[in-house]
Amino acid sequence: MSRLVVGAHYGIKDWLAQRITAVLMAIYTLVIFAAVLAGATSSHDAWRGFMAHGAVRSVTFLFIISLGYHAWVGVRDIWMDYIKPTSVRILLHVLTLLVLIGYVGWAIQIIWRL
Amino acid sequence: MSALNEQKKQRPRFLDLTVIRLPLAGYASILHRVSGAGLFLMLPLLIWLLDLSLSSTPEHLVLFESITRSVLVKLVLLGLIWAFLHHFCMGLRILLIDVHVGVEKQQARSSAMAVMVVSLSLTLAFGLKLFGVY
Ligand code: HEM
Ligand code: HEM
């Protein structure tokens with residue numbers, strides 16, 4: 001039996017996840033934008049204080065997780081569309097996953113150490 | 001049915017991307033992909049700047065100031081501002097179409113135009129701010 005590494009069983013789930021994360025990120029964008037208009041970046045201390053606030057930290061945390069998942073689904077879709085040789089594509093998938101996990105960890109530690 | 005199949009077989013295949021002319025929504029879609037990929041590729045820069053901007057170490061803040069003062073960096077950030085705005089506006093359009101809002105041809109045309117106009121105008125507005133015009 002030959003194994004297919006190109007199955008689409010994860011299609012609907014990831015499609016939905018990409019939508020849910022997109023909505024979360026869109027809301028976060030509007031909230032942050034409103035906060036900036038209200039002076040959250042008026043000074044360095046204001047900016048740090050804002051990002052360190054419990055509620056802001058929680059939604060930023062959700063945003064970071066969403067971004068990681070969203071970008072994983074999106075970038076993987078791009079590789080699947082253009083990269084035909086399976087071995088190269090799998091390699092790119094793995095690299096994408098690894099860098100995204102790294103970015104998410106990095107971003108979380110930035111907001112957590114505040 | 002068989003007539004339909006016959007017709008299908010005879011369809012010309014014309015896939016020269018340099019000559020095909022797309023409707024505006026087609027270009028807006030391609031730009032959604034380009035902007036998503038661009039944001040992904042530039043994430044390390046963005047996270048690094050976020051890191052520096054939130055740091056309490058004076059050297060980091062000096063570094064942050066000097067990096068973001070560079071015109072080259074500002075141009076990159078301008079590109080990323082456009083990418084985010086386009087991706088954001090187009091993303092909302094896709095989400096609305098997913099729930100069947102604005103599927104009609106005329107509406108879909110207008111919303112693609114709206115995405116381009118809104119994201120480019122906001123890029124201009126944020127760009128002027130970025131370069132310190134106001
Ligand atoms: C407010 C934030 C965002 C919204 C509303 C949003 C929305 C969307 C939507 C709806 C899709 C699916 C497109 C489709 O199926 O045709 C998508 C794809 C994608 N997104 Fe986002 N997105 C957001 C932020 C981001 C960010 C920050 C990145 C970068 C890391 C990103 C990267 C991607 C990529 C690479 C794709 C795949 C593009 C493609 O397949 O053509 N997105 N986005
Ligand atoms: C939801 C989307 C986002 C919005 C609306 C947003 C908005 C902002 C705003 C308005 C500032 C303050 C800029 C200032 O007045 O100086 C800022 C700072 C910053 N953000 Fe975000 N941000 C978002 C997501 C991100 C992400 C995902 C990253 C990186 C991974 C990031 C990196 C930065 C950096 C580097 C700064 C410091 C730059 C500065 O202060 O000028 N942002 N953000």
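Ala, Val, Leu, Ile, Met, Phe, Trp, Tyr, Cys and Pro are counted here as nonpolar, Asp, Glu, Lys and Arg as charged, and the others, Gly among them, as polar. The model is predicted: local features need pLDDT of at least 70 and side-chain atom pairs pLDDT 80 or more, while totals for chains, interfaces and linings use all residues. Residues are numbered from 1 along each chain as its sequence is written, and chains are lettered from A and ligands numbered from 1 in the order in which they are written.

The shell around ligand 2 holds 12 nonpolar, 3 polar and no charged residues. A residue is near a molecule if its C-beta atom, placed from the backbone, lies within 6 Å of it. Ligand 2 lies between chains A and B. Of its 15 surrounding residues, A:Thr41, B:Leu46, B:Leu49, B:Leu50 and B:Ser53 come nearest.

Ligand 1 is surrounded by 25 residues. The closest are A:Gly74, B:Arg33, B:Gly36, B:Leu39 and B:Gly91. This site is shared between chains because residues from both A and B surround the ligand. Its shell comprises 15 nonpolar, 8 polar and 2 charged residues.

The largest nonpolar core has 15 residues. Such a core is a set of buried Ala, Val, Leu, Ile, Met, Phe, Trp, Tyr and Cys residues joined through C-beta atoms within 7 Å. Buried means that 20 or more other C-beta atoms lie within 10 Å of the residue's own, with C-beta atoms placed from the backbone; exposed means 12 or fewer, and partly exposed lies in between. A:Ile64 and A:Ala71 touch the most other members.
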